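Let's take a friendly walk through this model together, from one side chain outwards. Have the structure open and follow along as we go.

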Amino acid sequence: MAHRRRGVGVGRAGAAVYEKKAQELKATSLASAMETVEKLEVKLAEFAKTHKHAIQHDPAFRAKFLDMCAPLGVDPLSAEKGFWGSMLGIGEFYHELSVKVAEVCLASRSRNGGIIRVSEVKDILTQRGTKFKFADSKSKSSYSEEDLITSVKKLSKLGSGFRTIKVGRVILIVSVPEELDDDHMQILNLAEDDGYGPYGMVTIEDMSRALGWDNERSNRAFELLLGKGMVW
């Protein structure tokens, strides 16, 4: 006599129990994670209070502190008021720095087409004697190239066209809204490489030799950069 095998499975009632248990575990895990984050935020605040002077006056220490904040979703830069703003004043510091960076970029745009090295901006600010002082500090704070990059990120959130790009080992600030594609970036990379001629210069022949491009592709990429005054 033939017997039909019955599959082993979970009925509707059993499935509902499993689903309920899964939701409970998910809620418990979420609550535990949130509690952990809250504890870490408290520890972060205690750390900030203890090392307030170093955060305000040591650029390297300040960069490390911001790296600590990021995974927790804490953004002292956007909090010019409230706990972080009143305690550290970092938001105001970067706001003032971003204004000075924008001034340098805009003033030099006719010369460089809106593309300038971060190191050059820092040199210009240093030559001007530009310094910043936190509201509750008697001494002025120094700033690093990393601080300048952070201040540009603050500008970019305003939709101003400011952003940083990496060309080879150099970080550049771009202050024009035009987006640069891979071809434009390769031209800038080539200009940074003095193995193909004088530093900062590149020709159609250089692109053909180094990148294997035909004249049409090279001219197309050049035309946009020339039209926007980024190269000349």
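Our starting point is threonine 150, which has a relative accessible area of 12% and therefore counts as buried, the limit being under 20%. Keep in mind throughout that you are looking at a predicted model. Threonine 150 sits in helix H8. What does threonine 150 touch, leaving aside residues up to four places away in sequence? Its contacts are Leu66, Leu77 and Tyr94. The last of these is 56 residues away along the chain, yet the C-alpha atoms of threonine 150 and tyrosine 94 are separated by 7.6 Å.

**Salt bridges**

Helix H8 also takes part in a salt bridge, through aspartate 147. How many salt bridges does a search of the whole structure find? The search turns up two, and both are set out here.

| Salt bridge | N to O distance |
|---|---|
| arginine 62 and aspartate 147 | 2.6 Å |
| lysine 100 and glutamate 103 | 3.9 Å |

The pair of arginine 62 and aspartate 147 links distant parts of the chain. Arginine 62 belongs to helix H3 (residues 59-69) and aspartate 147 to helix H8 (residues 145-156), with their positions 85 residues apart in the numbering. Are these two partners buried or exposed? Both arginine 62 and aspartate 147 are buried.

The pair of lysine 100 and glutamate 103 is a local one in sequence: both residues are in helix H5 (residues 90-107), and because they are three residues apart, about one helical turn separates them. Helix geometry helps here: an α-helix has 3.6 residues a turn, so residues three or four places apart point the same way. Lysine 100 has a relative accessible area of 30%, so it is partly exposed. Glutamate 103, with a relative accessible area of 38%, is partly exposed too.

**The sheet**

Now turn to the strands. Three of them form an open sheet in the order S1-S3-S2, with antiparallel pairing. Strand S1 (115-117) and strand S2 (163-167) are the edge strands, each pairing on one side only. On average, neighbouring strands of this sheet are turned by 35° against each other, direction ignored.

How is strand S3 (residues 170-174) joined to S1? Three bridges connect these antiparallel strands, and arginine 117 stands opposite leucine 172 in S3. Five bridges join S2 to S3, again running antiparallel. Here isoleucine 165 is the residue that stands opposite leucine 172.

S2 and S3 form a hairpin with two residues between them. In the turn you will find glycine 168, which has a positive phi of about 65°. S2 itself has two faces: Arg163, Ile165 and Val167 make up the covered one, while Thr164 and Lys166 are on the uncovered one.

Which strands does helix H7 (residues 118-128) touch as it packs on the sheet? H7 touches S1 and S3, and its direction makes about 75° with that of S1.

**Helix H10**

Further along the chain, helix H10 (residues 204-211) has Ile204, Asp206 and Met207 buried. Seen down the axis of H10, the buried residues fall within an arc of 155°, so they line one face of the helix. Glu205 and Arg209, on the other side of H10, are exposed. After H10 comes glycine 212, with a positive phi near 75°.

**The whole chain and its confidence**

Stepping back, the protein has 11 helices and three strands. From the N terminus on, the elements run α-α-α-α-α-α-β-α-α-β-β-α-α-α. Of its 232 residues, 37% count as buried. Among contacts in the protein with a separation of 6 or more, 55% come from residues 24 or more positions apart.

How much confidence does the predictor assign? The protein averages a pLDDT of 76, and 69% of the residues score at least 70. Which elements have the lowest and the highest mean pLDDT? Helix H4 (residues 82-88) has the lowest, at 70, and H7 has the highest, at 90. That H7 is the helix already met packing on the sheet, where it touches S1 and S3.

Key
Residues numbered from 1 in each chain as written. Predicted model: local features only at pLDDT ≥ 70, side-chain atom pairs only at ≥ 80, totals over all residues. Heavy atoms only, no water. Salt bridge = Lys/Arg side-chain N within 4 Å of Asp/Glu carboxyl O. Helix = DSSP H or I, 4+ residues; strand = E, 2+ residues; numbered from the N terminus. Buried < 20%, exposed > 50% of the residue type's maximum accessible area, 1.4 Å probe, protein only. Contact = heavy atoms within 4.5 Å. Arc of directions from axis to C-beta. Pairing = 2+ DSSP bridges. Axes fitted to C-alpha atoms, helices over the stretch in contact; angles between N-to-C directions. pLDDT = per-residue confidence, 0-100.
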